[in-house]
Amino acid sequence: MKKITVLGSTGSIGTQTLDIAAQYPNQFQIVGLAAGSNIEMLSEQIRQFRPAIVAVRDKTKFSALKNAVASLDYSPILLAGEEGVVEVARYGDSESVVTGIVGCAGLLPTIAAIEAGKDIALANKETLIAGGPVVLPLVEKYGIKLLPADSEHSAIFQCLEGVPKGGLRRIILTASGGAFRDDPVEKLASVTVQDALKHPNWSMGKKITIDSATLMNKGLEVIEAHFLFGIDYDKIDIVIHPQSIVHSLIELQDTSVLAQLGWPDMRLPLLYALSWPDRIYTDWETLDLVKAGSLTFREPDHQKYPCMQLAYAAGKAGGAMPAVLNAANEQAVALFLEEKIKFLEIPRTIEAVCDRFSAHNKTTPTLEDILEADRWARQEVLALTRSALDYQLPVTN
């Protein structure tokens, strides 16, 4: 039985991980849970899985958490705030930590888990996008396993099993194309938040769904693939694959191409990250290629999806630039979700912030440099947009 901690337990990644734990109680035991603010769901999870330690990131919900579990017949350790989440990440004899926290907020807890010698089931892209220059040396130092838990990088990881060193030639990331994949670029000037949240294939959180609509999610995955698999940016391609059956591909030195296929279901990459190197039998629906029908691919429209090229440029710039890209995107997406800026202002704002940072970028940033770049980028997004707005938003890290 593998002991697991779940960070972001009430989010999409967290709930699906716990679904797996519930389906396979003899395989997985939940040691710790950390959530943002959803006390009702968190308290249900505590009752079902009886973790030893629990944290709620929103300190204002701590009293509600204590009240919600007061009647239990056992007493888990209860914590609150960012420091509480970090303590959950490093706690006890958990073997694997699922990093389901969205955004750069997942970076410090992930580092704490690595330093505690725990394997990482990586569902938080920002761990490597923002923190790659710091995180990878820690992975090597502490000898832990960093296993991708999102569909695209899991697909690449699975395809690479058994490939000899030096055998990889190219990575091909597949993208659904998001909510606007079949719309002309001219329509994007007038799209609404609700339009952007209508993902055709996947059920995900709001932020990642908007990233899918801008294709920033795929640009961020390019940076993550660079760090995970040690491959140059020029050897990572993106193709639009509307059916989301082929989850990504690799090309080998002899031009052979390997792909991993399956129905759009996040449980599969999560299960593999938790069970690797084993394969656990499931009763999930098997892939029927006849039912799936035609599988199509096309080149992404760079005019429609400028965020892709912003991500490639940030990745090639290196240093803390990917952290700035990521933070600017998070803040710009938050403004869009609150209907404070238009959809097309997301890439324009990100580009402006990255341009302003370029003169201050460091080749080998420290963790402090990365966290400062993250904070600066969020502030800069607000500074760029505030002149045209009659409000002021708090900066969230």
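Mentor: Before we start: helices here are DSSP runs of at least four residues and strands are runs of at least two, numbered from the N terminus. With that in hand, residues 261–379 come out as 57% helix and 1% strand. The end C-alpha atoms of that stretch are 41 Å apart.

Trainee: Why pick out residues 261–379, and what does the UniProt annotation call them?

Mentor: The label comes from an unreviewed UniProt entry, which gives residues 261–379 as "domain: DXP reductoisomerase C-terminal". An annotation like that may be inferred rather than shown by experiment.

Trainee: How do you know how far to trust the chain, going by pLDDT?

Mentor: This is a predicted model, with a mean pLDDT of 94 and 97% of its residues at 70 or more. Residues 390–397 are another story, with pLDDT below 50, although the model gives this stretch 19 contacts beyond near neighbours in sequence. Where pLDDT is low, predicted coordinates should not be read in detail.

Trainee: Why is Ala327 called buried?

Mentor: Buried means under 20% relative accessible area, and Ala327 sits at 0%, so it's buried. Ala327 is part of helix H15, residues 321–337. Leaving out residues up to four places away in sequence, Ala327 touches Asp374, Ala377 and Arg378. It also has its C-alpha 7.6 Å from that of Arg375, a residue 48 places away along the chain.

Trainee: How about the "binding site" residues: which ones does UniProt list alongside Gly11?

Mentor: The unreviewed entry's "binding site" positions include Thr10, Gly11, Gly36, Asn124 and Glu126. Another "binding site" annotation covers, among them, Lys125, Ser151, Glu152 and His199.

Trainee: What makes Gly36 partly exposed?

Mentor: Partly exposed runs between the 20% and 50% limits; Gly36 has a relative accessible area of 32%, so that's where it falls. Gly36 is in the loop between strand S2 (28–35) and helix H2 (39–49). Its contacts, leaving aside neighbours within four places in sequence, are Thr10, Val56, Arg57 and Asp58. Gly11 gets the partly exposed label too, at 30%, and lies in the loop between strand S1 (2–7) and helix H1 (12–23).

Trainee: And Glu126, why is that one called buried?

Mentor: Its relative accessible area is 5%, which is under the 20% cut-off, so Glu126 is buried. Glu126 belongs to helix H6, residues 126–129. Not counting residues up to four places away, Glu126 touches Gly103, Cys104, Gly131, Lys207, Asn326 and Glu330. Ser151, in helix H8 (residues 151–160), is likewise buried, at 7%.

Trainee: What makes the lining of the largest cavity five nonpolar, one polar and one charged?

Mentor: Start with the residues: Thr214, Lys304, Pro306, Cys307, Phe343, Leu344 and Pro347. Lys counts as charged; Pro, Cys, Phe and Leu count as nonpolar; Thr falls among the others, so it goes down as polar. That gives the split of five, one and one. The cavity holds about 40 Å³ of space, and the whole structure has three cavities of 30 Å³ or more.

Trainee: Which residues are closest to the centre of the second largest pocket?

Mentor: That pocket has about 410 Å³ of space. Closest to its centre, out of 18 lining residues, are Leu268, Thr282, Trp284, Glu285 and Thr286. Strand S11 (257–261) and helix H12 (267–275) are the elements giving two or more residues to the lining, with H12 providing the largest share, five. By class the lining has eight nonpolar, five polar and five charged residues.

Trainee: What makes the peptide bond between Trp276 and Pro277 cis?

Mentor: Look at omega, which is about 10 degrees for that bond. Pro277 lies in the loop between H12 and helix H13 (289–292). Most peptide bonds are trans, and most residues other than glycine have a negative phi.

Trainee: What is odd about the phi of Arg50?

Mentor: Arg50 has a positive phi, about 50 degrees, though it isn't a glycine. Arg50 is in the loop between H2 and strand S3 (53–56) and counts as partly exposed at 42%. Ser244, also not a glycine, has a positive phi of about 55 degrees. Ser244 lies in the loop between strand S9 (236–240) and strand S10 (246–252), and at 5% it counts as buried.

Technical notes. Residues numbered from 1 in each chain as written. Predicted model: local features only at pLDDT ≥ 70, side-chain atom pairs only at ≥ 80, totals over all residues. Heavy atoms only, no water. 1 Å grid on protein atoms, 1.4 Å probe; cavity = no way out; pocket = protein on both sides within 12 Å on 5 of 7 lines; lining within 4 Å. Points joined across faces, edges and corners; volume = space filled by probe spheres on them. Buried < 20%, exposed > 50% of the residue type's maximum accessible area, 1.4 Å probe, protein only. Contact = heavy atoms within 4.5 Å. pLDDT = per-residue confidence, 0-100.
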